[in-house]
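Biologist: I'm new to this one, so could you take me through a single part of it closely? Pick one helix, please, and then show me how the rest of the chain sits around it.

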Amino acid sequence: MIHLDYRDTRPLYEQVRDGLRKLMVTGVLQPGDKLPSVRSLAMELAINPNTIQRAYGQLEAEGYVVSVSGKGTFVEELQQQNTQRRAEVEEKLRPLREELRSLGMTAAEWAALWEGGNS
């Protein structure tokens, strides 16, 4: 299910989060599917349950999962995931767009770049 690389510079919770996110985006985990409990996934991966809890918390903040008290953590609809990820990417794009504008890029050049052409 999830592979942890102890030589990876990323913290384990990020590896768990990214592994689960990949399973959701590729369709291995479908909307409505229940994720393993924090304790069972921690035992399976032989890591601290707090690490799993942190990964689940980030996935919930990003809109990939929803926690239902007393029932577990479930994969959200893809639309919710896309909305959250789009907002994150747009936030990263704004400063780049502003810098290009300050360097004299016109709206027509921006549109050409957006459509995949060269400026």
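Modeller: Let's go with helix α1, and start with its buried residues: Y13, Q15, V16, R17, G19, L20, R21, L23 and M24. Keep in mind as we go that this is a predicted model.

How far does α1 reach from end to end? Helix α1 covers residues 12-25, which makes 14 residues, and at 1.5 Å a residue you'd expect a span of 20 Å. The C-alpha atoms at its two ends are in fact 20 Å apart, so the expectation and the model agree. Just past the helix comes G27, with a positive phi of about 90 degrees.

G27 isn't alone in having a positive phi. A46 has one too, of about 60 degrees, even though A46 is not a glycine. That's worth a second look, because most residues other than glycine have a negative phi. Where does A46 sit? You'll find A46 in the loop between α2 (38-45) and α3 (49-61). Is A46 buried or exposed? Its relative accessibility is 64%, and anything over 50% counts as exposed, so A46 is exposed.

Follow the chain on into α3 and you come to G57, which lies within that helix. G57 has a relative accessible area of 31%, so it's classed as partly exposed. G57 also gives us a way back to α1: G57 and L12 are 45 residues apart in sequence, while their C-alpha atoms are 14 Å apart in space.

Now zoom out to the whole chain. It holds five helices and two strands, and reading from the N terminus the order is α-α-α-β-β-α-α. Is the chain built like a compact globule or not? A compact globule of 119 residues would have a radius of gyration near 14 Å, whereas this chain has 19 Å. Along the principal axes, the C-alpha atoms fill a box of roughly 55 × 35 × 20 Å.

Buried residues like the ones in α1 make up 26% of the 119 residues in the chain. As for the outside, the chain exposes about 8,100 Å², and carbon and sulfur atoms supply 52% of that. If you take the contacts between residues at least 6 apart in sequence, 44% of them join residues at least 24 apart. Last, the charges: there are 15 positive and 17 negative ones, and their mean positions are 4 Å apart.

How values were computed. Residues numbered from 1 in each chain as written. Predicted model: local features only at pLDDT ≥ 70, side-chain atom pairs only at ≥ 80, totals over all residues. Heavy atoms only, no water. Helix = DSSP H or I, 4+ residues; strand = E, 2+ residues; numbered from the N terminus. Expected span 1.5 Å × (residues − 1). Buried < 20%, exposed > 50% of the residue type's maximum accessible area, 1.4 Å probe, protein only. Rg over C-alpha atoms; globule rule 2.2 N^0.38 Å. Contact = heavy atoms within 4.5 Å. Areas by Shrake-Rupley, 256 points an atom, 1.4 Å probe, with all protein chains shown as cover. Lys, Arg positive; Asp, Glu negative; His and termini not counted. Charge placed at Lys NZ, Arg CZ, Asp CG, Glu CD.
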